[in-house]
Amino acid sequence: MSLHETRKIKIHQPENFQFDSIPDSHAWVDLHDHPTVEPVGPDTIPVIDLNDPKLVEKIGKACEEWGVFLISNHGIEPKLLNQFCSQMHRLFALPADVKLKVAKADALDAGYGGDPISRFFPKYTWSEAFTILDSPLEHAKKLWPDDYSSFCEVMEEYKKAMNPLGRRLMHAMLLSLGVSEEEIINVTPMGDFGKIKTVLSLNSYPACPDADRVLGLPPHSDNGFITFVYDNGVSGLQILRRKDDNGPKRWVTVPVVPDTFVVNVGDLMQVLTNGRFHNMVHRATIGKTYHRMSSAYFFASELDVKVSPLSKLTDPGVGPLYKTVTWPELLQMKNSLSYDEALEAIKIDSNLRGE
């Protein structure tokens, strides 16, 4: 099975969001499977200043306890972020027939359509997305034949600024677990995260008067190492907090904090750290008044890189919790299994690990 042998993606046009009432195709019945709480008290999501002298320690704590955190003083220029948001608005404001000129033929292709994970669920999502794998030039020329360069320039500048930030955070994550600088460079399969594949997804979540019955993005975890989420200042992202002493499983609304990024831990980071850091299940809800737009910048491994738990992070006499896996193999498992069963499928049986 190749990386692109998946079910075809559903294309959502803006006209689909104009209904007198929510049709059954878009009505989700299980949105209140767990209680929803605000990010206060014990459910306050960590906000980490990247200039903090205890940065490594705080990142490690957030990854182990939460699987998600916000970062401030990240070094990305406000001017660039404003330009980036302006280009997102420009993209999704285009007429539907124009956007469909760059419609995805397949869920994992670049281009316009729904989010790739939407194909795993029976209902339509209240969203649209545009995926950039490498350069957006070819698609931008079809969208804006006479004025495509500004979109391409801003997207490329954004990726160029974000790439070292991503490597810096992943580096700090491993340092927090006692992995040395030398080991990060010589032992990790990515070679100090040099063999990294990135994917940029731009997302649009229009407002809906009956927002309690629709969903922008179903619950899921991200496939890669980490994901950076940046939005236009409209709330909507929720993370699923695990059952603990403070309560049962619950959806925690991620706060809108100006000049920050949300950072999610992904599946590959859970494998690499032998389960010390856990992925974060999250979803995108819809507002009744404001149109939310966001970007997700995914950091995964190059397609041929084999990711396995670092030996330094395995218990003596027990061995690794997970089998070696490549990013495409993980994607294929998520395609063929229930979307949330892939990591369970690559777990090594305790009897084989000597427990």
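## Salt bridges across the chain

A salt bridge is counted here when a side-chain nitrogen of Lys or Arg lies within 4 Å of a carboxyl oxygen of Asp or Glu. In this predicted model, the side chains of Arg276 and Glu64 satisfy that criterion, with an N to O distance of 3.2 Å. Arg276 lies in the loop between helix H7 (267-272) and strand E12 (282-284), while Glu64 belongs to helix H1 (residues 55-65), so the pair ties together parts that are 212 residues apart in sequence. Arg276 counts as partly exposed at 34% relative accessibility, and Glu64 likewise counts as partly exposed, at 37%.

The structure holds 17 salt bridges, and another of them joins Asp24 to Lys123, whose closest N and O atoms are 3.2 Å apart. Because Asp24 lies in the segment before strand E1 (36-37) and Lys123 in the loop between strand E4 (111-113) and strand E5 (128-132), this pair ties together parts that are 99 residues apart in sequence. The surroundings of the two partners contrast, since Asp24 is exposed at 61% relative accessibility, whereas Lys123 is buried with a relative accessible area of 18%.

## A pair within one helix, and a network

Glu156 and Lys159 also meet through their side chains in a salt bridge, here with an N to O distance of 3.6 Å. Both residues lie in helix H5 (residues 149-176), three residues apart, which is about one turn of the helix. An α-helix has 3.6 residues a turn, so residues three or four places apart point the same way. Glu156 is partly exposed at 32% relative accessibility, but Lys159, at 9%, counts as buried.

Salt bridges can also share partners, and in this way Asp43, Arg241, Asp244 and Arg250 are joined into one network.

## The two sides of helix H2

Helix H2 (residues 78-92) has 15 residues and reaches 21 Å from its first C-alpha to its last, close to the 21 Å expected at 1.5 Å a residue. Its buried residues are Leu80, Leu81, Phe84, Cys85, Gln87, Met88, Leu91 and Phe92. These buried residues cover an arc of only 160° around the axis, which means that they sit on the same side of H2.

The face of H2 turned away from this buried side carries Lys79 and Asn82, both of which are exposed.

Conventions
Residues are numbered from 1 along each chain as its sequence is written. This is a predicted model: local features need pLDDT of at least 70, side-chain atom pairs count only at pLDDT 80 or more; totals for chains, interfaces and linings use all residues. Side-chain values use heavy atoms; hydrogens and water are left out. Helices (H or I, at least four residues) and strands (E, at least two) are DSSP runs, numbered from the N terminus. The expected span of a helix is 1.5 Å times one less than its number of residues. Buried means under 20% relative accessible area, exposed over 50%, partly exposed in between (1.4 Å probe, protein chains only). The arc is that of the directions from the helix axis to the C-beta atoms.
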